[in-house]
Amino acid sequence: VFPVPEAWLIHFPETRWEHSSLPGDTDYICSADRLHFYAGRHLDGKRNQVRQFFDKHTLVEKTLGETTQAALQVLEEWHATHQNNDYASCKEAIELGARIGLEGKVYTVEEQPVGLVIGEGLNPDVYAYHFVKGNIKYKGIYPVMYQAYVMQLPEQYKHINLEQDLGMENIRKAKEEYFPEIRATKWRLKLKTR
């Protein structure tokens with residue numbers, strides 16, 4: 001059984017269930033305010049990247065449903081330079097979008113698609129960024145998208161789940177740069193046969 005939040009483990013006693021977890025499955029959770037304001041010295045670099053980006057570019061955002069082709073273009077360009085195993089699931093999320101309860105934004109600079117964010121509310125308090133893909137030729141695109149997306153979410157969402165790092169060192173480092181307040185372990189359970 002996967003994923004099982006830590007709070008549920010009390011319902012799966014170790015006398016009957018094997019509990020295990022992998023570091024790459026741990027979710028990185030930030031407060032919405034952290035991504036909105038990038039406050040504090042440890043996030044100076046993110047604030048500077050956002051400022052430098054807007055000194056050079058004007059960002060335009062559109063909803064995922066009205067710009068499927070642009071979203072696919074971002075994904076294809078991103079995939080050409082990244083070896084990651086979430087390409088197929090991101091493509092499916094773009095193509096099915098609202099039909100499977102997902103929403104998102106596509107970001108453009110001078111009508112050129114440069115990034116996308118796809119997510120959904122997990123509960124009344126937590127919103128998940130399932131996919132964030134950007135063209136790194138535009139320095140600062142990731143902190144810009146993280147911030148722009150959180151700014152348009154309803155205020156009810158107090159936490160943003162950046163999800164797991166898929167066991168990839170570069171993704172782990174990138175997510176840790178946002179100094180998440182919570183690291184949520186997801187557990188794997190296996191029923192003991194004897």
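These legends describe close-up views of a predicted model.

**View 1. The whole chain, with 6 helices and 10 strands.**
The chain has a radius of gyration of 18 Å, close to the 16 Å that the globule rule gives for 194 residues, so it is as compact as a globular protein of that length. Along its principal axes, the C-alpha trace spans about 65 × 40 × 30 Å. Of the 194 residues, 44% count as buried. The chain exposes about 11100 Å². Carbon and sulfur atoms supply 52% of that area. Among contacts with a separation of 6 or more, 71% come from residues 24 or more positions apart.

**View 2. The largest pocket and the residues nearest its centre.**
This pocket holds about 830 Å³ of space. Its lining consists of 32 residues. Nearest the centre lie Val 132, Tyr 142, Tyr 146, Ile 171 and Ala 174. What is the make-up of the lining in nonpolar, polar and charged residues? It divides into 16 nonpolar, 9 polar and 7 charged.

**View 3. The elements that line the largest pocket.**
Three helices and a strand each supply at least two lining residues: helix H2 (44-56), helix H5 (141-151), helix H6 (169-176) and strand S7 (126-134). Which of them gives the most to the lining? S7 does, with 5 residues.

**View 4. Helix H5, a mostly covered element.**
H5 runs from 141 to 151 and supplies at least two residues of the lining of the largest pocket. Of its 11 residues, 9 are buried. The buried stretch at the start of the list includes Ile 141, Pro 143, Val 144 and Met 145. Tyr 146, Gln 147, Ala 148, Tyr 149 and Val 150 are buried as well. Tyr 146 is also one of the residues nearest the centre of the largest pocket.

**View 5. Asp 25, a charged residue in a loop.**
The loop that holds Asp 25 lies between strand S2 (17-20) and strand S3 (27-31). Is Asp 25 buried or exposed? Asp 25 counts as buried because its relative accessibility is 11%, and buried means under 20%. Which residues does Asp 25 touch, leaving out those up to four places away in sequence? They are Phe 2, Gln 164, Ala 184, Lys 186 and Arg 188. Two of these partners, Lys 186 and Arg 188, belong to residue types that count as charged.

Notes
Residues are numbered from 1 along each chain as its sequence is written. This is a predicted model: local features need pLDDT of at least 70, side-chain atom pairs count only at pLDDT 80 or more; totals for chains, interfaces and linings use all residues. Side-chain values use heavy atoms; hydrogens and water are left out. On a 1 Å grid over the protein atoms alone, a cavity is a set of points where a 1.4 Å probe fits but cannot get out, and a pocket is an open set with protein on both sides within 12 Å along at least five of seven lines; lining residues have an atom within 4 Å of a point. Grid points are joined across faces, edges and corners, and a volume is the space filled by probe spheres set on the points. Helices (H or I, at least four residues) and strands (E, at least two) are DSSP runs, numbered from the N terminus. Buried means under 20% relative accessible area, exposed over 50%, partly exposed in between (1.4 Å probe, protein chains only). Contact means heavy atoms within 4.5 Å. The radius of gyration is taken over C-alpha atoms; the globule rule is 2.2 Å times the number of residues to the power 0.38. Accessible areas come from the Shrake-Rupley method with a 1.4 Å probe; for residues, only the protein chains shown count as cover.
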